[in-house]
Amino acid sequence: DLEDAEHGLTELGREQARLTGQRLAQAAAGVKKDRYGEVKIVYSSLVSSCVLRAQQTAGIIAQELPDVYRPPDDPLLNEGHPVLPAPHGKRWIQEGEVLPS
């Protein structure tokens with residue numbers, strides 16, 4: 001069960017999420033220039049699945065990006081959704097083992 005406490009982030013995972021948040025915040029700070037021109041990075045939202053470790057990662061990143069909208073977690077992003085199981089995919093549907101949603 002990916003939503004139970006046993007599948008949460010480790011200390012290393014929390015540190016990696018914090019560093020990722022800091023890097024994303026740094027990328028959005030100010031205007032970036034290169035030979036092609038200028039760009040201002042603006043994040044429209046921070047989206048997560050309902051899997052515990054994804055929620056924890058998004059929460060830590062959100063602390064570094066306090067002005068970025070955080071919509072409700074989306075169950076369609078959970079592992080295994082909405083894609084068919086690989087490598088069987090269509091064959092499983094044809095044989096009735098997996099029903100399309």
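Two residues are in contact here when heavy atoms of theirs lie within 4.5 Å. By that criterion, residues 24 or more positions apart supply 56% of the contacts in the chain that have a separation of 6 or more. The model described here is a predicted one.

The overall plan is a good place for a newcomer to start. The chain contains three helices and two strands, and following the sequence gives the pattern α-β-β-α-α. Among the 101 residues of the chain, 20% count as buried.

The packing of two of the helices comes next. Helix 1, made of residues 11-28, and helix 2 have axes that approach within 8 Å and cross at roughly 40°. The two helices are therefore oblique to one another, an angle counting as roughly parallel only when under 35 degrees and as roughly perpendicular from 65 to 115. The crossing of helix 1 with helix 2 is right-handed. On the side of helix 1, the contact is formed by Arg 14, Ala 17, Arg 18, Thr 20, Gly 21, Gln 22, Leu 24 and Ala 25. Helix 2 contributes Thr 57, Ile 60, Ile 61 and Glu 64. Sorted by character, the residues of this contact comprise five nonpolar, four polar and three charged.

Two loop residues round off the picture, beginning with Ser 49. This serine sits in the loop that links strand 2 (37-39) to helix 2. Is Ser 49 buried or exposed? Its relative accessibility is 8%, and because buried means under 20%, Ser 49 counts as buried. The side chain of Ser 49 reaches the backbone nitrogen of Val 51 at 3.2 Å. Leaving aside residues up to four places away in sequence, Ser 49 touches Ala 54, Gln 55, Asp 73, Asp 74, Leu 77 and Asn 78.

The last residue named there, Asn 78, deserves a look of its own. Asn 78 belongs to the loop between helix 2 (52-64) and helix 3 (89-94). With a relative accessibility of 13%, Asn 78 also counts as buried. Which backbone atom does the side chain of Asn 78 reach? The partner is the backbone nitrogen of Cys 50, at 2.7 Å. Asn 78 is thus described by a side-chain link to Cys 50 and by a contact with Ser 49.

Terms used
Residues are numbered from 1 along each chain as its sequence is written. This is a predicted model: local features need pLDDT of at least 70, side-chain atom pairs count only at pLDDT 80 or more; totals for chains, interfaces and linings use all residues. Side-chain values use heavy atoms; hydrogens and water are left out. Helices (H or I, at least four residues) and strands (E, at least two) are DSSP runs, numbered from the N terminus. Buried means under 20% relative accessible area, exposed over 50%, partly exposed in between (1.4 Å probe, protein chains only). A polar contact is a pair of N or O atoms within 3.5 Å; within protein, one must be able to donate a hydrogen and the other to accept it, and residues adjacent in sequence count only if both atoms are side-chain atoms. Axes are lines fitted to C-alpha atoms, for helices over the stretch in contact, and angles run from 0 to 180 degrees between N-to-C directions. Angles under 35 degrees count as roughly parallel, over 145 as roughly antiparallel, 65 to 115 as roughly perpendicular and the rest as oblique. A crossing is left-handed if the near helix is turned anticlockwise from the far one by less than a right angle, and right-handed if clockwise. Ala, Val, Leu, Ile, Met, Phe, Trp, Tyr, Cys and Pro count as nonpolar, Asp, Glu, Lys and Arg as charged, and the others, Gly among them, as polar.
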